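Q: Please take a close look at one part of this model, the way in which its strands are joined into sheets. Please also set that part against the rest of the chain, including any unusual backbone geometry.

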Amino acid sequence: MSKEITSRSENYSQWYNDIVIKAGLADYSAVRGCMVIKPYGYAIWEKMQRQLDTMFKETGHQNAYFPLFVPKSFFSREASHVEGFAKECAVVTHYRLKNDPNGQGVVVDNDAKLEEELIVRPTSETIIWNTYKGWIQSYRDLPILINQWANVVRWEMRTRLFLRTAEFLWQEGHTAHATKEEAIAEAEKMIGVYADFAQKWMAMPVRVGRKSESERFAGAIDTYSIEAMMQDGRALQSGTSHFLGQNFAKAFDVKFINRDSELDYVWATSWGVSTRLMGALVMVHSDDNGLVLPPKLAPTQVVFVPIYKGADELEQISARVAALREELHKRGITTHYDDRDNYKPGFKFNEYEMKGYPVRVAIGARDMQNGTAEVARRDTLTKQIVPQEQLADTVAALLDDIQQNLFNRALEFREQNTTVVNSYDEFKEVLNTKGGFVLAHWDGTAETEQRIKEETKATVRCIPFDLEPEEGRCIYSGKPSKQRAIFALAY
RNA sequence: CGGGGUGUAGCGCAGUCCGGUUAGCGCGCUACGUUCGGGACGUAGAAGUCGCGAGUUCGAAUCUCGCCACCCCGACCA
């Protein structure tokens, strides 16, 4: 199998697929639209999971688990919710197979038809709110701050590895509150947690903001999102947090006695990030040599490659490497020693570049004589010769530097590809030539957004929180506008 | 769901138009040897219901019909 990958500029989608498959993150499976996450890809997901879980616990949340199946009747209680998901649901109708009486194989046993069909959850609001009904009677039972790690199924027409698969892994937070203010604060807090995670751990800059009405979650009053820019200038919605108001409480009749002894409906939020973040990680940092991982999420941060002639040399180098690795482990740095004898160093160099290991250390006979090592960094593909006694210090500093550099690089790219425009002509011009995020005044109506989408394919990604209010006129309708929105082509 | 394309060894492909020895090539794999500072080389070897089913024919990877699967571009999509 060739390790060659398509170049980014030639075909961005192909480049992305090549990296995901050839770096060993995931592959297509026998099931249409579903993927197999391979051990290396899963190891990265586990690191993400662990950190996110820690952040959820730090903000007072607990984990729980709810069923995969949702009775059809539950699902139809909230009108806009069902409208949003109905077209992409997998439905269980039978519970038994039998041998085909006419030949080989099995067929569905028609005698085993379910009284009520079960929907494979596309998200868990309905089953969870049906459960919360039994848990909540008084304001003293609130808030409920729960997170679930789970898989969900959305029968998408067209899928892409990690970015949109029929089944995907995610976490979904579902909280219940006594007041509107508290629920809004929770939704805002959690989008902040996601932004922190994206920027500090994934080294991926994000814009945080509010979704437009038409991009809002089905059943939400307000949706907040983090939006990242991929290297082709397209936007990727990387995490969402929803203020659900009392919609689900009303649909599932979840009432409580408040402090004033009045009966009221509970206020809700939900928030989630998925394995789509893996796709974001690939698309934001990688290059034509393969995957580039931020040190904080790399399953292995440093790989050692020996360069030797004969068993004697290898033995000496191995002993030296063992000592050096020990020093790195004491600092919490993860390492791997690749002493496979059937591959030459050059092959290994390319392989670890493809897999995105942040730092590579090569040690050969020359280094053994000089007491040095060759240290290469993945982000810039540069090399330096370092005295072995300084290796641990150098590598520790280098890992921090790579983490920071990846963030800076992605931020600079985003800034360079963010354009402020003041007319529709300018808007179209920018989208057609340079792409990226376009900041433009918009009258806030769904009609205008729809027209712009039909004419340019660009959508409102979010109305960013950190943008100062500014009087202006909608680039499309000319109506007054108080703030700019981010428009972009999106995944 | 519309348009286009592809199914031949683990992976990537040629052969199909115009039917004809034992179905090839590259990578990978196995064994041995030589190599090893940026994708090594030699020798020997293993590995295929040519997507599935029917038909035409002395003879089908190749022609005909039907089916299935996947990929790409759209439409759709927290």
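A: The secondary structure of chain A comprises 14 helices and 27 strands. The model is a predicted one. Its C-alpha trace extends over about 80 × 70 × 55 Å along the principal axes of the chain. Chain A has 491 residues, of which 39% count as buried. Among the contacts in chain A with a separation of 6 or more, 67% are between residues 24 or more positions apart.

The part to be examined is an open sheet of 11 strands with mixed pairing. Its strands follow the order 3-9-10-16-13-12-11-24-27-23-22. Strand 3 (62-63) and strand 22 (418-420) are the edge strands; each has a single partner strand, so one side of each is left without a neighbour in the sheet.

Several of the pairings within this sheet can be followed residue by residue. Strand 12 (residues 222-229) and strand 11 run antiparallel and are joined by 4 bridges. Within this pair, Gly209 has Ser225 of strand 12 as its bridge partner. Strand 11 (residues 207-210) is in turn joined to strand 24 (residues 459-464) by 2 bridges, and these strands also run antiparallel. Here the bridge partner of Arg210 is Ile463 in strand 24.

In the order of the sheet, strand 24 is followed by strand 27. Strand 24 and strand 27 (residues 484-488) are paired in the antiparallel sense, with 3 bridges between them. Thr459 is matched with Ala488 of strand 27 as its bridge partner. On its other side, strand 27 is joined by 4 bridges to strand 23 (residues 437-441), and the two run antiparallel. Leu439 has Ile486 of strand 27 as its bridge partner. Strand 27 thus supplies partners to two residues considered here, with Ala488 opposite Thr459 and Ile486 opposite Leu439. As a general point on such arrangements, side chains in a regular strand alternate between the two faces of the sheet.

A second open sheet may be set beside this one. It has 3 strands in the order 4-8-5, and its pairing is antiparallel. Strand 4 (69-71) and strand 5 (91-94) form its edges, each pairing on one side only. Neighbouring strands of this sheet are turned against each other by 40° on average, direction ignored. Strand 5 and strand 8 (residues 113-120) run antiparallel and are joined by 3 bridges. Opposite Val92 stands Leu118 of strand 8.

Among the helices, helix 2 (residues 39-58) packs against helix 6 (residues 180-201) at an angle of about 140°, and their axes lie 11 Å apart. Helix 2 and helix 6 are therefore oblique to each other. The crossing of helix 2 and helix 6 is right-handed. Helix 2 contributes Gln51, Leu52 and Met55 to the contact, while helix 6 contributes Val193, Phe197 and Trp201. By class, the residues of this contact are 5 nonpolar and 1 polar, with no charged residues.

The backbone geometry of three loops also deserves attention. Most residues other than glycine have a negative phi, and most peptide bonds are trans. The peptide bond from Leu142 to Pro143, however, is cis, with omega near 0°. Pro143 is placed in the loop between helix 5 (125-132) and strand 9 (144-153). Strand 9 is itself a member of the sheet of 11 strands, where it stands between strand 3 and strand 10 in the order.

The loop from strand 9 to strand 10 (167-177) contains Phe162. Phe162 is a residue other than glycine with a positive phi, near 65°. Phe162 counts as buried because it has 25 C-beta neighbours inside 10 Å, where the cut-off for burial is 20 or more.

Leu381 likewise is a residue other than glycine with a positive phi, in this case near 60°. Leu381 lies in the loop between strand 20 (372-377) and strand 21 (383-387). Leu381 has 11 C-beta neighbours inside 10 Å and therefore counts as exposed, the cut-off for exposure being 12 or fewer. Positive phi values thus occur here both at Phe162, which counts as buried, and at Leu381, which counts as exposed.

Methods:
Residues are numbered from 1 along each chain as its sequence is written. Chains are lettered from A and ligands numbered from 1 in the order in which they are written. Two strands pair if DSSP finds at least two bridges between them. Axes are lines fitted to C-alpha atoms, for helices over the stretch in contact, and angles run from 0 to 180 degrees between N-to-C directions. Two residues are in contact if their C-beta atoms, placed from the backbone, lie within 7 Å. Angles under 35 degrees count as roughly parallel, over 145 as roughly antiparallel, 65 to 115 as roughly perpendicular and the rest as oblique. A crossing is left-handed if the near helix is turned anticlockwise from the far one by less than a right angle, and right-handed if clockwise. Ala, Val, Leu, Ile, Met, Phe, Trp, Tyr, Cys and Pro count as nonpolar, Asp, Glu, Lys and Arg as charged, and the others, Gly among them, as polar.
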